[in-house]
Amino acid sequence: MSSNTVETTISSAVWRDRRLVAVMVVIGFLIGLGCGFVARTYSPTVAEASFLLSEARTTPVFGVNDPADQKRVVADQIAILQSPAVLAAAAGNLADITGETLSVNDFEEKLSIRWSADSNVATAAFRGDSEEEAIGGANALLDAYQALLEEQTTANSRAAIRIGDRLLTAN
């Protein structure tokens, strides 16, 4: 055995293949730079809208609100807000507002709703690819929710008028 064999070390291997290592470092840097640029330019826009949740028939005219009743009202209104009917109407409203067509599932994936049981304020955040889509999505949800509440109010008013008419004609 000869004693003059040189054992390869990492530093000697790097020095021997310095051009290959330099090319790999430059390529890695360029790939990282490109990925960072793409990730930074494609950040979605989020629009938030806060609104008051209320139910007319539980609003007291005189007296104090029961905290348990208030929590139930908020939970009920959030369930209505997240219902398939409201989401379908909101997806349709988005198409009317921005021209963007989203399925109900896609609309729901881009939507997040935050609320507190202690107050009747909810915040809807909609994530869109553009500022117009984000703002349009948040507004589309609020429009759909308001339209549903107006329908319920109209239906309740008509029912009350029918009951009143029946009572008047019965007497």
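**Entry 1: a phenylalanine**

I began at phenylalanine 51 and listed its contacts, leaving out residues up to four places away in sequence: Leu81, Asn120, Val121, Ala122, Ala124, Leu142 and Tyr145. I note here that the model is predicted.

I then asked which residues have the most contacts inside the largest nonpolar core. They are Phe51, Phe107, Leu111 and Leu141, and this core has 26 residues. I looked up which elements give two or more residues to this core, and found strand 1, helix 3 (67-81), helix 4 (84-98), strand 2, strand 3 and helix 6. Helix 6 gives the most, with 7 residues.

**Entry 2: the whole chain**

I stepped back to the overall layout. The protein has 6 helices and 3 strands. Read from the N terminus, the order of elements is α-α-β-α-α-α-β-β-α.

How much of the protein counts as buried? I found 23% of the 171 residues. The protein exposes about 12,100 Å², and carbon and sulfur atoms supply 59% of that area.

I also looked at contacts between residues at least 6 apart in sequence. Of these, 65% join residues at least 24 apart.

**Entry 3: salt bridges**

Side chains of opposite charge can pair when their charged atoms come close. I looked for such pairs and found that the structure holds 2 salt bridges.

One salt bridge joins glutamate 48 and arginine 114, with the closest N and O atoms 3.1 Å apart. Glutamate 48 lies in strand 1 (residues 45-52) and arginine 114 in strand 2, so this pair ties together parts that are 66 residues apart in sequence. I checked the exposure of arginine 114: its relative accessible area is 44%, so arginine 114 is partly exposed.

Glutamate 133 forms a salt bridge with lysine 110, and here the closest N and O atoms are 3.0 Å apart. Glutamate 133 belongs to helix 6 (residues 131-170), while lysine 110 sits in the loop between helix 5 and strand 2, so the pair ties together parts that are 23 residues apart in sequence.

Are glutamate 133 and lysine 110 buried or exposed? I found both of them buried. For lysine 110 the relative accessibility is 16%, so lysine 110 falls below the 20% cut-off for buried residues.

I also wrote down the contacts of lysine 110, setting aside its neighbours within four places in sequence. They are Leu102, Ala125, Phe126, Arg127, Asp129 and Glu133. The last name in that list, Glu133, is the salt-bridge partner of lysine 110.

**Entry 4: a threonine in strand 3**

I moved to threonine 123, which is found in strand 3 (residues 121-128). Its relative accessible area is 11%, so threonine 123 counts as buried.

Which side chain makes a polar contact with the side chain of threonine 123? I found serine 50, at 2.9 Å. Not counting residues up to four places away in sequence, threonine 123 touches Glu48, Ala49, Ser50, Ser112, Ile113 and Arg114. Glu48 and Arg114 were already in my notes as a salt bridge, and threonine 123 touches both of them.

**Entry 5: a patch on the surface**

Last, I looked at the surface. Ile10, Val14, Val21 and Val25 form a nonpolar patch there, and together they have about 350 Å² of accessible area. Helix 1 (10-16) and helix 2 (18-41) each supply at least two residues of this patch.

I picked out valine 21, which is in helix 2. Its relative accessibility is 30%, so I entered valine 21 as partly exposed.

Methods. Residues are numbered from 1 along each chain as its sequence is written. This is a predicted model: local features need pLDDT of at least 70, side-chain atom pairs count only at pLDDT 80 or more; totals for chains, interfaces and linings use all residues. Side-chain values use heavy atoms; hydrogens and water are left out. Helices (H or I, at least four residues) and strands (E, at least two) are DSSP runs, numbered from the N terminus. Buried means under 20% relative accessible area, exposed over 50%, partly exposed in between (1.4 Å probe, protein chains only). A polar contact is a pair of N or O atoms within 3.5 Å; within protein, one must be able to donate a hydrogen and the other to accept it, and residues adjacent in sequence count only if both atoms are side-chain atoms. Contact means heavy atoms within 4.5 Å. Accessible areas come from the Shrake-Rupley method with a 1.4 Å probe; for residues, only the protein chains shown count as cover. A salt bridge is a side-chain nitrogen of Lys or Arg within 4 Å of a carboxyl oxygen of Asp or Glu. A nonpolar core is a set of buried Ala, Val, Leu, Ile, Met, Phe, Trp, Tyr and Cys residues joined through side-chain atoms within 4.5 Å. Patches are made of residues with over 30% relative accessible area and no salt bridge: like charges are joined within 9 Å, nonpolar side chains (Val, Leu, Ile, Met, Phe, Trp, Tyr) within 5 Å.
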